[in-house]
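Open the model in your viewer and keep the selection tool at hand. We will walk from one element to the next, with a short look at what each selection shows.

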Amino acid sequence: MEDDKEMKAQIESEKTEYIEKLQRVDRELVNYLVPVEPFDEINDVIIEIRAGVGGQEAMLFANNLLEMYCGYASYKGWDHYVDDLSVSDLGGIRSGSISVSGGDALKHYCYEAGVHRVQRVPLTEKYGRIHTSAVSVSVMAQPSEVEVDLHDKDLKFEAKRASGPGGQSVNKTDSAVRITHLPTGIAVECQTERSQIKNKSYALKKLRAKLYQIQVDEQMKNVSRTRKFQMGSGDRSEKIRTYNYQQDRITDHRIGYTTHCIEIFLSGSDAFDKMINELRNEAKKERIVEFIDSLKKQNS
């Protein structure tokens with residue numbers, strides 16, 4: 001009997017070892033087969049976060065997401081800074097953007113684009129009722145000046161006074177900058193710095209990213225019209241994830257992946273990184289299927 005127990009333990013140990021080896025080979029095979037696409041190795045990215053439905057509660061959760069993305073950059077050891085922020089009365093944000101640089105950052109952040117839904121009892125709720133709020137996230141590759149050339153004749157510059165929560169003035173000089181790209185009508189603003197020159201520089205960077213994203217989106221449409229995992233901004237109207245505080249549960253609707261411990265997840269460390277890797281692996285598998293289907297069509 002003792003020998004049988006030892007044999008079973010040895011078999012279980014070897015089984016676990018072989019399963020881990022097969023999983024590792026599976027990952028390596030996926031990495032080898034997946035076609036390389038444009039934008040796969042982009043290190044510089046801009047993440048924009050905007051509060052949606054839900055008023056102050058949406059703004060508070062928008063700030064949670066901003067802190068999560070900053071936390072993830074720190075976890076990865078990437079350079080990052082918040083380059084524009086519109087703060088609400090209760091400490092949330094109406095909107096904000098983060099610049100991140102390092103380690104194929106776009107491949108890690110790109111699947112965050114879309115609508116993030118939160119279900120929880122707001123701080124302002126007197127009767128303990130759960131509210132549903134939404135925050136939209138867009139992720140854009142940050143191009144070089146060569147990749148997106150801006151001409152002065154196509155730009156309209158406006159200077160204005162920066163404002164704080166509730167319209168309170170935070171600067172007595174016209175340091176805030178708004179730039180409109182006349183051919184497309186795209187407008188960007190920046191009021192983070194007290195220097196108009198710095199705000200103008202940040203605004204131009206954001207404008208380049210938005211114009212470049214149009215190119216990215218168009219090219220990705222040509223690659224696939226059915227893919228769930230779009231590189232870059234993706235579908236900004238799609239609900240991609242729900243954060244349910246009552247059940248302490250986070251669910252990504254694209255792959256049906258669920259994890260728990262929201263507070264830990266929102267720190268942007270191991271739990272968040274695990275979900276990102278799950279999304280990346282599923283996206284790679286989808287790209288392989290697409291690649292095989294395209295070969296079949298070519299040979300048919």
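Start by selecting residues 155–160 and 176–181: these are strand E6 and strand E7. In this predicted model, E6 and E7 run antiparallel to each other, paired over 6 bridges. For one rung of that ladder, pick Lys 156, whose bridge partner in E7 is Thr 180.

Now add residues 186–190, strand E8. What is the strand order in this open sheet? Reading across, the order is E6-E7-E8, a sheet of 3 strands with antiparallel pairing. E6 and E8 are the edge strands, each pairing on one side only. If you look along the sheet, neighbouring strands are turned by 15° against each other on average, with direction ignored.

Next, select residues 114–120, strand E4. Is this strand mostly covered or mostly open? Mostly covered: 6 of its 7 residues are buried. E4 has a partner in strand E5, residues 131–141, and the two pair in the antiparallel sense over 7 bridges. Zoom in on Val 115 to find Ser 136 of E5 standing opposite. Strand E9, residues 239–244, also pairs with E4, here in the parallel sense and over 5 bridges. Pick Gln 119 to see that pairing, as its bridge partner in E9 is Asn 244.

Time for the helices. Select residues 55–76 for helix H2 and residues 270–299 for helix H6. Their axes come within 10 Å and cross at roughly 90°. The crossing angle therefore makes H2 roughly perpendicular to H6. To see where they meet, show side chains for Met 68, Tyr 69, Tyr 72, Tyr 75 and Lys 76 on H2, together with Asp 270, Phe 272, Asp 273 and Ile 276 on H6.

Then zoom out to the whole protein, which has 6 helices and 11 strands. Of its 300 residues, 43% are buried. The accessible surface comes to about 16500 Å², and carbon and sulfur atoms account for 50% of that area. Among contacts between residues at least 6 apart in sequence, 63% join residues at least 24 apart.

Finally, colour by confidence. The mean pLDDT is 83, and 84% of the residues reach 70 or more. Select residues 165–172, where the pLDDT is below 50; the stretch still has 18 contacts in the model beyond near neighbours in sequence. Residues 231–236 are also below 50, with 25 such contacts. Where pLDDT is low, predicted coordinates should not be read in detail.

Conventions:
Residues are numbered from 1 along each chain as its sequence is written. This is a predicted model: local features need pLDDT of at least 70, side-chain atom pairs count only at pLDDT 80 or more; totals for chains, interfaces and linings use all residues. Side-chain values use heavy atoms; hydrogens and water are left out. pLDDT is the predictor's confidence in each residue, from 0 to 100. Contact means heavy atoms within 4.5 Å. Two strands pair if DSSP finds at least two bridges between them. Helices (H or I, at least four residues) and strands (E, at least two) are DSSP runs, numbered from the N terminus. Axes are lines fitted to C-alpha atoms, for helices over the stretch in contact, and angles run from 0 to 180 degrees between N-to-C directions. Buried means under 20% relative accessible area, exposed over 50%, partly exposed in between (1.4 Å probe, protein chains only). Accessible areas come from the Shrake-Rupley method with a 1.4 Å probe; for residues, only the protein chains shown count as cover. Angles under 35 degrees count as roughly parallel, over 145 as roughly antiparallel, 65 to 115 as roughly perpendicular and the rest as oblique.
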